[in-house]
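Biologist: Before we rely on any label attached to this protein, I would like to go through the labels one at a time and hear the reasoning behind each of them.

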Amino acid sequence: MKKVLTLLLMFGLTLVANAQMVDPVKFTSKLEMLKGDEAQIVFSGKIDDGWHVYSTDLGNDGPISATFNAVKMDGVKAVGKLTHKGNEISKFDNMFGMKLRFFEGSVTFVQKIKFTKPNYSIDCYLEYGACNDETCMPPTEVTFKGNGKSPAVSEEEAAPAKAEEKTAETAKPEEAAEAAETEAEVAADTTAVAETAVGDTTMTADLYKPVISELKAYEENPADSSLLYIFLAGFAGGFLALLTPCVWPIIPMTVSFFLKRNKERSKAIREAVTYGISIVVIYVVLGLVVTMLFGASALNALSTNAVFNIFFCLLLVVFAASFFGAFEITLPSSWSNKIDQKSENTSGLLSIFLMAFTLTLVSFSCTGPIIGFLLVAVSTQGSILSPTIGMLGFAIALAIPFTLFAMFPSLLKSAPKSGGWMNVVKVVLGFIELAFALKFLSVADLAYGWHILDREAFLCLWIVIFGLMGIYLFGWLKFPHDDPENRTNVPQFFLGMISLAFAIYMIPGLWGAPLKSISAFAPPMFTQDFNLHKSAVEPKSHDYEEGMALAKSQGRPVMIDFTGFGCVNCRKMEAAVWTDPQVASILNDKYVLISLYVDDKTPLAEPLTVNENGTERTLRTVGDKWSYLQRVKFGANTQPFYVLIDNEGNPLNGSRSYDEDIQKYIDFLQKGIDNYNK
């Protein structure tokens with residue numbers, strides 16, 4: 001049902017999130033000397049469009065706050081708290097139930113320090129969290145190391161510190177011996193811990209073996225897949241535009257013109273083909289113009305920008321009103337008249353191109369809303385090629401009939417005649433555009449937390465819209481420009497039946513039914529207040545090695561959930577997807593679910609030093625360890641991130657990230673089970 005509906009309506013334009021390493025924030029660090037014995041460590045960051053870095057002191061129940069951490073501070077001490085500079089944005093977040101503060105574009109964090117000795121040695125780092133509207137980065141460190149002399153601290157000022165050192169050196173022999181004995185015991189314990197860690201790492205070395213290439217072998221090319229889908233959506237839009245009263249009557253007139261003015265049929269066909277190619281060029285150029293006006297980064301930002309989504313919603317409502325007959329969206333008639341005159345006064349290829357341009361202007365009242373919606377939909381997919389590919393599909397569908405009928409004129413006799421049915425097509429498109437305007441309003445509603453379009457309200461409106469569309473197709477509802485004597489034909493009857501059935505199908509969703517066929521469009525399940533379909537999913541383990549051992553003993557495949565306490569979209573997936581009864585049943589009964597929190601601050605028994613891509617890193621916390629596992633083994637560093645593996649740590653399917661499409665998630669889990677059983 002979902003794919004049929006999506007292709008019919010042109011709107012199944014969802015991107016599949018795949019495993020990838022991202023680096024959306026670039027930080028630099030430096031030491032700036034101040035007056036006297038003070039200085040400051042400055043961390044300056046540039047943030048990619050669509051991403052934000054969280055501010056300081058957000059509390060333990062929120063996302064990852066920016067913090068200053070000292071590994072070694074010899075000869076210096078921190079003064080005060082970490083401060084920030086930049087345009088701090090404050091917004092209430094319903095998922096965390098608190099006001100979050102973050103930065104976009106750029107941010108500077110500053111830690112003030114004071115020198116206490118003539119010589120200093122600093123080893124510290126800034127830890128921060130970054131998210132966009134789909135994924136989050138694990139806690140990320142920006143290090144600063146420095147040492148040298150501080151001219152601001154004289155030998156006299158440093159005397160008290162030297163006296164302390166001397167006192168420590170001349171301590172009683174008994175105390176020194178006791179201290180030495182204690183140090184020896186600590187060293188022995190540390191050695192034992194280190195040996196245990198090494199031993200565990202050796203024992204589980206296969207579990208940490210990189211499987212990035214194996215994982216990619218399962219992945220579809222996300223760009224190719226989404227662009228093909230956008231092309232098909234554009235093609236469907238062009239086909240629907242053909243059936244409108246502004247385009248269909250022009251086809252036989254144009255083909256007859258080419259056939260009559262050329263005695264040779266081959267020349268008429270060539271001119272018709274040129275005419276079709278001109279249509280393609282015009283609309284593809286339109287797609288390129290949209291891309292050039294917005295740019296790649298702006299297109300990506302449009303997908304979640306609340307202001308633009310509200311604008312798109314209102315734009316689609318206007319388009320729908322136009323299709324319902326409230327008014328016509330037309331370009332100035334002088335434009336088409338001038339282009340038409342120029343086409344008559346010229347010859348050759350330019351004349352045919354100007355004729356195609358005239359068609360574009362004359363048919364704008366019908367094609368404009370379709371083109372507008374298509375550009376809105378594909379622009380918010382965030383792909384730089386989306387508008388061009390969408391317009392290519394639209395133009396090809398629009399151009400094919402002109403070429404086809406010129407090649408086979410006899411087909412014109414069997415083509416449907418113009419009539420009231422074309423107005424029905426316009427009105428149906430109006431209902432569809434009105435329905436999907438709510439999708440854009442939903443994005444803005446979620447962004448601002450207005451709660452004016454929660455899941456129940458959205459479903460109520462969709463039920464009414466598609467119910468009315470079915471009533472209209474049966475002829476029980478008329479608009480001012482409808483033919484009062486127009487009867488319901490057989491195609492209308494079946495379409496009306498499908499529309500009413502779809503409206504009835506959505507009714508159980510008001511009580512929490514998952515409605516998998518529209519899960520990509522409706523607001524997430526967590527926005528629904530009244531829900532009778534509650535399903536709980538509990539991880540079997542929060543430790544990788546422990547969970548893998550459990551899975552092996554039970555003979556089950558594993559799903560690793562790389563998540564975070566401060567990951568908003570991780571909570572959204574758990575609330576909107578994991579609550580689905582079928583998803584919950586599969587995760588609880590057929591998998592061993594291991595949830596690994598990359599921002600878990602529990603210290604490791606002993607910090608581990610690893611070499612990653614030629615850079616030495618220190619893993620200090622449990623979260624550091626799981627983040628390292630995700631990067632090294634699976635080649636990804638964003639959350640949420642879901643991967644299915646067998647008992648030896650080999651992938652069973654491609655990965656998944658933030659995507660609230662429940663049916664795709666079920667297919668993802670089922671494919672993992674099938675491959676595991678093989």
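Modeller: What follows is a set of questions about labels, each answered by setting a value against its cut-off.

Modeller: Please keep in mind that this is a predicted model, with 21 helices and 16 strands in the protein. Buried residues make up 49% of its 678 residues, and the accessible surface comes to about 32100 Å², of which 60% belongs to carbon and sulfur atoms.

Biologist: Why is the contact between Lys-112 and Glu-38 called a salt bridge?

Modeller: The closest N and O atoms of Lys-112 and Glu-38 are 3.2 Å apart, and the rule asks for a side-chain nitrogen of Lys or Arg within 4 Å of a carboxyl oxygen of Asp or Glu, so the pair qualifies as a salt bridge. Lys-112 lies in strand β8 (residues 106-115) and Glu-38 in strand β2 (residues 38-47), so the pair ties together parts that are 74 residues apart in sequence. By this rule the count comes to 10 salt bridges.

Biologist: What makes Lys-112 and Glu-38 partly exposed?

Modeller: The relative accessibility is 33% for Lys-112 and 22% for Glu-38; buried would require under 20% and exposed over 50%, so both residues count as partly exposed.

Biologist: How do you know that Lys-117 and Asp-74 meet in a salt bridge, and where in the chain do they lie?

Modeller: The N to O distance between their side chains is 3.3 Å, and because the limit is 4 Å, the pair of Lys-117 and Asp-74 is counted as a salt bridge. Lys-117 lies in the loop between β8 and β9 and Asp-74 in strand β4 (residues 67-74), 43 residues apart, and the pair links distant parts of the chain. Lys-117, at 25% relative accessibility, counts as partly exposed, and so does Asp-74, at 34%.

Biologist: Why does the pair of Lys-625 and Glu-545 count as a salt bridge?

Modeller: The closest N and O atoms of Lys-625 and Glu-545 are 3.6 Å apart, and the cut-off of 4 Å admits that value, so the salt bridge is accepted. Lys-625 lies in helix α20 (residues 622-634) and Glu-545 in helix α17 (residues 544-554), so the pair ties together parts that are 80 residues apart in sequence.

Biologist: Turning to the rings, what makes the pair of Phe-27 and Tyr-128 tilted?

Modeller: The centres of the two rings are 4.9 Å apart, with 50° between the planes; a pair needs centres within 6.5 Å, and planes under 30 degrees apart count as stacked and over 60 as edge-to-face, so the pair of Phe-27 and Tyr-128 is called tilted. Phe-27 lies in strand β1 (residues 25-33) and Tyr-128 in strand β9 (residues 119-128), so the pair ties together parts that are 101 residues apart in sequence. Both Phe-27 and Tyr-128 are buried.

Biologist: Why, then, is the pair of Tyr-54 and Phe-102 called edge-to-face?

Modeller: There the angle between the planes is 85°, and planes over 60 degrees apart count as edge-to-face, so the label applies to Tyr-54 and Phe-102. Their centre to centre distance is 6.5 Å. Tyr-54 is buried, and so is Phe-102. The structure holds 27 aromatic pairs, and ring pairs also link Phe-436, Phe-458, Trp-462, Phe-466, Phe-502 and Tyr-505 into a cluster.

Biologist: What makes Leu-404 eligible for the nonpolar patch on the surface?

Modeller: Leu-404 is partly exposed, with a relative accessible area of 37%, and patches are made of residues with over 30%, so Leu-404 passes that cut-off. Leu-404 is found in helix α12, and this helix (residues 386-407) gives the largest share of the patch, three residues. Together with Phe-235, Ile-400, Met-407, Phe-408 and Leu-411, Leu-404 forms a patch with about 470 Å² of accessible area.

Biologist: Which residues touch the most other members of the largest nonpolar core?

Modeller: Of its 39 residues, they are Ile-251, Tyr-275, Ile-279, Tyr-283, Met-391, Phe-394 and Leu-398. Helices α5 (222-242), α7 (265-302) and α12 are among the elements that each supply at least two residues of this core. Leaving aside neighbours within four places in sequence, Leu-398 is in contact with residues including Ile-279 and Tyr-283.

Key:
Residues numbered from 1 in each chain as written. Predicted model: local features only at pLDDT ≥ 70, side-chain atom pairs only at ≥ 80, totals over all residues. Heavy atoms only, no water. Patch = residues over 30% accessible without salt bridge, like charges linked within 9 Å, V, L, I, M, F, W, Y side chains within 5 Å. Areas by Shrake-Rupley, 256 points an atom, 1.4 Å probe, with all protein chains shown as cover. Helix = DSSP H or I, 4+ residues; strand = E, 2+ residues; numbered from the N terminus. Buried < 20%, exposed > 50% of the residue type's maximum accessible area, 1.4 Å probe, protein only. Core = buried A, V, L, I, M, F, W, Y, C linked by side-chain atoms within 4.5 Å. Contact = heavy atoms within 4.5 Å. Phe/Tyr/Trp six-rings, centres within 6.5 Å; stacked < 30°, edge-to-face > 60°.
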